[in-house]
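Student: I would like to learn how to read the helices and the empty spaces of a model like the one shown here. Could we go through the features in turn?

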Amino acid sequence: MSRDRTLARLADHQREILTILNGAEPFLTEPPKRDVAALARARWALMRALTGYQLFKHREVFDPLLAKARPADAYNLVRMKRACTELGDAFRSYVQRWSGADVEAQWTEYQPAALAMIARIREHIAREQEEVGKVLRA
């Protein structure tokens, strides 16, 4: 796959994830819009999107670049790949925790956890837009 095509697909994945986050956030921050069922659907849509994003990055970005990387570059690629895996693991744990819970009854715990996860994912995406994009353009 060409670097331009890889960059375009990377941006598509990131845009999909950010769209889900932007759609879900008002259900958390605007009391009249609170919708626990919509939040559950968003969690699962985000799970699918993040899993697809992770698989794409590992197969199309990290693994091919690591296969031909110089040792100095390999360290940075491994660090990025590990951060990707850690975010995926954290989100899977979050989904397991809240998918079986009574979110409405635990709202005071759920809301800040959900907002923190959204912030973490946004931060991760922003970092990857810069770092992974830079590696692919190099």
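Student: By about how many degrees does H4 bend, and at which residue?

Tutor: Before the answer, some ground rules: this is a predicted model in which local features need pLDDT of at least 70 and side-chain atom pairs count only at pLDDT 80 or more, while totals for chains, interfaces and linings use all residues. Residues are numbered from 1 along each chain as its sequence is written, and side-chain values use heavy atoms, with hydrogens and water left out. The bend at a residue is the angle between axes fitted to the seven residues ending there and the seven starting there, and by that rule H4 bends by about 30 degrees at Glu-128. H2 also has a bend, of about 40 degrees at His-58.

Student: How many helices and strands does the protein chain have?

Tutor: Helices (H or I, at least four residues) and strands (E, at least two) are DSSP runs, numbered from the N terminus. The protein chain has four helices and zero strands, which read along the sequence as α-α-α-α. Its C-alpha atoms fill a box of roughly 50 × 25 × 20 Å along the principal axes.

Student: What span should helix H2 have, and how far apart are its end C-alpha atoms?

Tutor: The expected span of a helix is 1.5 Å times one less than its number of residues. For the 32 residues of H2 (residues 36-67) that gives 46 Å, and the end C-alpha atoms are 44 Å apart, which agrees. H4, with 31 residues, reaches 43 Å from its first C-alpha to its last, close to the 45 Å expected.

Student: Which residue caps the N-terminal end of H2?

Tutor: The cap is Asp-35, which has a side-chain oxygen 3.2 Å from the backbone nitrogen of Ala-37.

Student: How many cavities of 30 Å³ or more are there, and what is the volume of the largest?

Tutor: Rolling a probe the size of a water molecule over the atoms shows where empty space is left. On a 1 Å grid over the protein atoms alone, a cavity is a set of points where a 1.4 Å probe fits but cannot get out, and a pocket is an open set with protein on both sides within 12 Å along at least five of seven lines; lining residues have an atom within 4 Å of a point. Grid points are joined across faces, edges and corners, and a volume is the space filled by probe spheres set on the points. The count comes to three cavities of 30 Å³ or more, and the largest has a volume of about 130 Å³. Of its 15 lining residues, the closest to its centre are Ala-24, Arg-43, Leu-46, Tyr-94 and Ile-118.

Student: How do the residues of that lining divide into nonpolar, polar and charged, and which helix gives the most?

Tutor: Ala, Val, Leu, Ile, Met, Phe, Trp, Tyr, Cys and Pro count as nonpolar, Asp, Glu, Lys and Arg as charged, and the others, Gly among them, as polar. The lining of the largest cavity has 14 nonpolar residues, no polar and one charged, and H4 gives the most, with five residues.

Student: What is the volume of the largest pocket, and how does its lining divide?

Tutor: The largest pocket has a volume of about 300 Å³, and its lining divides into six nonpolar residues, one polar and seven charged. Among its 14 lining residues, Leu-65, Asp-73, Leu-77, Val-135 and Ala-138 lie nearest its centre.

Terms used: A polar contact is a pair of N or O atoms within 3.5 Å; within protein, one must be able to donate a hydrogen and the other to accept it, and residues adjacent in sequence count only if both atoms are side-chain atoms.
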